[in-house]
Amino acid sequence: MSDMEAFRRAVTAWAAGGPGEPARELAERLPVRTVVLLEGLSDVAAVEALAARRGRDLAAEGVCVLSMNGAMNVARFARLLGPPGLGLRLTGLCDERERGYYARGWERAGVSAEQEFHVCEADLEDELIRALGHERVREVVEEQGDLRPLRTFLRQPEQRTRTPQQQLRRFLGTKKGRKIHYGRALVEALPPAGTPTPLDALLTGL
């Protein structure tokens with residue numbers, strides 16, 4: 001287990017009601033300077049994939065990319081990691097419907113407005129599908145060996161009234177682990193200048 005992974009686990013345990021000292025000790029030893037608060041593991045996969053494409057080692061830079069297992073937990077994590085807790089710089093990426101959770105979490109933790117979070121129009125999967133185009137996404141699905149499940153999914157009656165964009169976005173959420181897998185695969189398929197604005201701004205600001 002890497003030191004940054006140990007820090008992530010210590011923070012997650014702390015947020016769940018465990019002791020904070022392990023996280024404090026690791027934050028000082030590594031040292032950690034910035035934490036990226038994300039809703040789930042698919043977002044983590046996308047951010048880490050983009051960093052790798054750009055030749056960056058976020059852990060070596062003191063950046064922790066952290067899944068909170070739900071945007072509703074952002075206030076708790078911001079309190080532990082921001083000014084009231086470890087005093088680290090915070091940033092994040094969220095869906096439009098989660099903007100309020102982040103804004104309130106930042107405010108309650110006394111996080112500076114300069115430590116901005118970035119917002120996707122719908123969600124990160126939607127941003128990636130629009131950036132690539134649905135035909136290219138279908139090619140990626142085929143490259144990943146999922147064309148047959150996609151065709152089966154598209155034969156469902158409820159898919160007939162949805163746009164290709166909506167169909168693909170729904171497909172990515174139909175199997176456990178699929179969003180995580182494609183969070184990485186779709187980022188790796190992006191053209192050099194085609195990164196969705198929220199994701200590009202997040203990484204550029206780290």
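With 206 residues, a compact globule would be expected to show a radius of gyration near 17 Å, and the chain, at 18 Å, agrees with that value; the radius is taken over C-alpha atoms, and the globule rule is 2.2 Å times the number of residues to the power 0.38. This is a predicted model, in which local features need pLDDT of at least 70 and side-chain atom pairs count only at pLDDT 80 or more, while totals for chains, interfaces and linings use all residues. Residues are numbered from 1 along each chain as its sequence is written, and side-chain values use heavy atoms, with hydrogens and water left out.

**Overall fold**
- The chain holds 11 helices and 4 strands, which are DSSP runs numbered from the N terminus (helices are H or I of at least four residues, strands E of at least two).
- Along the principal axes, the C-alpha atoms fill a box of roughly 50 × 35 × 30 Å.
- Of the contacts (heavy atoms within 4.5 Å) between residues at least 6 apart in sequence, 74% join residues at least 24 apart.

**Burial**
- Buried residues account for 48% of the 206 residues, where buried means under 20% relative accessible area, exposed over 50% and partly exposed in between, with a 1.4 Å probe and protein chains only.

**Gly 20**
- Gly 20 lies in the loop between helix H1 (3-15) and helix H2 (21-29), and it is buried, with a relative accessible area of 12%.
- The C-alpha atom of Gly 20 is separated by 45 Å from that of Glu 142, which is 122 residues away along the chain.
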